[in-house]
Amino acid sequence: MFAQATPELPVRDVIAAQIHYRDRLGFTIAWHNEDGRIGAVAHGACAIFLRGVDGPIAPVTLWIFAADVDAACRDLTALGADIVDPLADKPWGLRQFTVRDGDGHLIHIHHDL
């Protein structure tokens, strides 16, 4: 049986990305390995690895389930998250909103209708 997947996102600067996830998206900084140019952030059971890369970054899309998506949207709005698609019921059966991180990655935060 598999456990929850942990995505690894390419970022320009690991420490700056960790600070963005902490200050704008409500994550905690879990760890950082300067030599490996990698670090992690966590929010509840959700963990994301952030890998420093050189050159252009192709944005990645993540889907993160939230038990209370309305509260999550209020919290991230208060933190100043870059909400690029507002909270709404979608025709595919989800209530969701979308934020963009500092490196252009999109995060759909959702709950089943």
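**A buried glutamine and its surroundings**

Glutamine 18 counts as buried because its relative accessibility is 2%, where buried means under 20% relative accessible area, exposed over 50% and partly exposed in between, with a 1.4 Å probe and protein chains only. The model is predicted: local features need pLDDT of at least 70 and side-chain atom pairs count only at pLDDT 80 or more, while totals for chains, interfaces and linings use all residues. Residues are numbered from 1 along each chain as its sequence is written, and side-chain values use heavy atoms, with hydrogens and water left out.

Glutamine 18 sits in helix H1, residues 14–25. Helices (H or I, at least four residues) and strands (E, at least two) are DSSP runs, numbered from the N terminus. Not counting residues up to four places away in sequence, glutamine 18 touches Ile29, Trp31, His32, Gly39, Ala40, Val41 and Leu50; contact means heavy atoms within 4.5 Å.

Helix H1 also holds tyrosine 21. With a relative accessibility of 1%, tyrosine 21 counts as buried. Its contacts, leaving aside neighbours within four places in sequence, are Leu9, Gly26, Phe27, Val41, Ile48, Leu50, Asp101 and Ile107. Tyrosine 21 and glycine 102 are 81 residues apart in sequence, yet 8.6 Å separates them from C-alpha to C-alpha.

Histidine 20 belongs to helix H1 as well. At 22% relative accessibility, histidine 20 counts as partly exposed. The C-alpha atoms of histidine 20 and glycine 102 are 6.8 Å apart, with the two positions 82 residues apart in sequence terms. Leaving aside neighbours within four places in sequence, histidine 20 is in contact with Leu25, Arg100, Asp101 and Gly102.

Next come the loops. Arginine 37 lies in the loop between strand S2 (28–33) and strand S3 (38–43). Its phi is near 50°, a positive value in a residue other than glycine. Arginine 37 counts as partly exposed, at 31% relative accessibility.

A positive phi also appears in the hairpin of S6 and S7, where glycine 93 has a value near 90° and 4 residues lie between the strands. Strand S6 (residues 82–89) pairs with strand S7 (residues 94–100) in the antiparallel sense over 5 bridges; two strands pair if DSSP finds at least two bridges between them. Within this pairing, aspartate 89 has arginine 95 in S7 as its bridge partner.

The whole chain can now be described. The protein chain has 2 helices and 8 strands, arranged along the sequence as β-α-β-β-β-β-α-β-β-β. The radius of gyration is 14 Å, which agrees with the value near 13 Å for a compact globule of 113 residues; the radius is taken over C-alpha atoms, and the globule rule is 2.2 Å times the number of residues to the power 0.38. Along the principal axes, the C-alpha atoms fill a box of roughly 45 × 35 × 25 Å.

Of the 113 residues, 35% count as buried. Among contacts between residues at least 6 apart in sequence, 49% join residues at least 24 apart. The chain exposes about 6500 Å², of which carbon and sulfur atoms supply 56%; the areas come from the Shrake-Rupley method with a 1.4 Å probe. The mean positions of the 9 positive and 15 negative charges are 3 Å apart. Here Lys and Arg count as positive and Asp and Glu as negative, without His and the chain ends, and each charge is placed at NZ of Lys, CZ of Arg, CG of Asp or CD of Glu.
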